Amino acid sequence: MSITRIQSSKLRGELEHISTQHQVIFTIAIKVRRGNGIHQWNCEGNLIRGNEISDARDGIFFSFTNNSRVENNLIQHTRYGLHYMYSDGNIFENNVFRENAAGAAIMFSRNLVVRGNHFENNRGHRAYGLIFQSSDHSRLERNEITENAVGLSFNQCNDNTIVGN
């Protein structure tokens, strides 16, 4: 299995990563479109590390993306720092999500590890530090969740472990 790495980038716009079979397409656009900072759909085994993302619609968007790592990123001034659906077995570690409308929205997923992240000062009409919707069998540990309108919310979630946040 090959691993795609997005590392040490400063994005003020969007990067789209679409993977089908062995094809990988990268597109960089300017801020005016206000798309997602990093967009992954139908991907497997990627590493997103050490990036600064700002002024995008969603900082990092995952859909049908499995067994990937997102670590040591700074995401700020977006709608959702992390917008995440239908993706399993991923690890989010040591990221900072701050001053977004919402820190992270994780939906319809399972077997995640969310560890050592900072969800800070995320305020807006969907003002959560971290919200889980219909997500199961995941572990949240050692996250700092501060100065958000609502810190942590779970809706229709089962068998999750929350430790030391």
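Trainee: Why do both Phe62 and Phe92 count as buried?

Mentor: Buried means under 20% relative accessible area, exposed means over 50%, and partly exposed lies in between (1.4 Å probe, protein chains only). Both Phe62 and Phe92 fall in the buried class. One caution: this is a predicted model, in which local features need pLDDT of at least 70, side-chain atom pairs count only at pLDDT 80 or more, and totals for chains, interfaces and linings use all residues. Residues are numbered from 1 along each chain as its sequence is written, and side-chain values use heavy atoms, with hydrogens and water left out.

Trainee: How many aromatic pairs does a search of the whole structure find?

Mentor: Seven. Rings of Phe, Tyr and Trp (its six-membered ring) pair if their centres lie within 6.5 Å. Planes under 30 degrees apart count as stacked, over 60 as edge-to-face and the rest as tilted.

Trainee: What makes the aromatic pair of Phe62 and Phe92 tilted?

Mentor: The centres are 5.7 Å apart, and the planes stand at 55 degrees. That angle is neither under 30 nor over 60, so the pair is tilted. The pair also links distant parts of the chain: Phe62 is in strand β8 (residues 58–63) and Phe92 in strand β12 (residues 91–93), 30 residues apart. Strands here are DSSP runs (E, at least two residues), numbered from the N terminus, while helices are H or I runs of at least four.

Trainee: Why is the pair of Phe132 and Phe154 called stacked?

Mentor: The planes of Phe132 and Phe154 are at 20 degrees, under the 30-degree limit, and the centres are 5.1 Å apart, so the pair is stacked. Phe132 sits in strand β17 (residues 128–133) and Phe154 in strand β20 (residues 150–155), 22 residues apart.

Trainee: How do you know whether Phe132 and Phe154 are buried or exposed?

Mentor: Set each value against the cut-offs. Phe132 has 0% relative accessibility, so it counts as buried. Phe154 has 30%, so it counts as partly exposed.

Trainee: What about Ser153 in strand β20, buried or exposed?

Mentor: Buried, because its relative accessibility is 12%. Setting aside neighbours within four places in sequence, Ser153 is in contact (heavy atoms within 4.5 Å) with Tyr128, Leu130, Ile131 and Phe132.

Trainee: Why is Asn66 called partly exposed?

Mentor: Its relative accessible area is 22%, so it falls between the two cut-offs. Asn66 lies in the loop between β8 and β9 (69–71). Its C-alpha atom is 8.7 Å from that of Tyr86, 20 residues apart along the chain. Leaving aside neighbours within four places in sequence, Asn66 has contacts that include Cys43, Glu44, Tyr86 and Asp88.

Trainee: What makes a space a cavity?

Mentor: On a 1 Å grid over the protein atoms alone, a cavity is a set of points where a 1.4 Å probe fits but cannot get out. The search finds one of 30 Å³ or more. The largest has a volume of about 30 Å³, the volume being the space filled by probe spheres set on the points, which are joined across faces, edges and corners.

Trainee: Which residues line the largest cavity?

Mentor: Leu82, Phe92, Phe97, Ala104, Ile106, Val114, Asn117, Phe119 and Leu130. Lining residues have an atom within 4 Å of a point.

Trainee: What is the secondary structure of the protein, and what share of its residues is buried?

Mentor: Zero helices and 21 strands. Of the 165 residues, 50% count as buried.

How values were computed. 1 Å grid on protein atoms, 1.4 Å probe; cavity = no way out; pocket = protein on both sides within 12 Å on 5 of 7 lines; lining within 4 Å.
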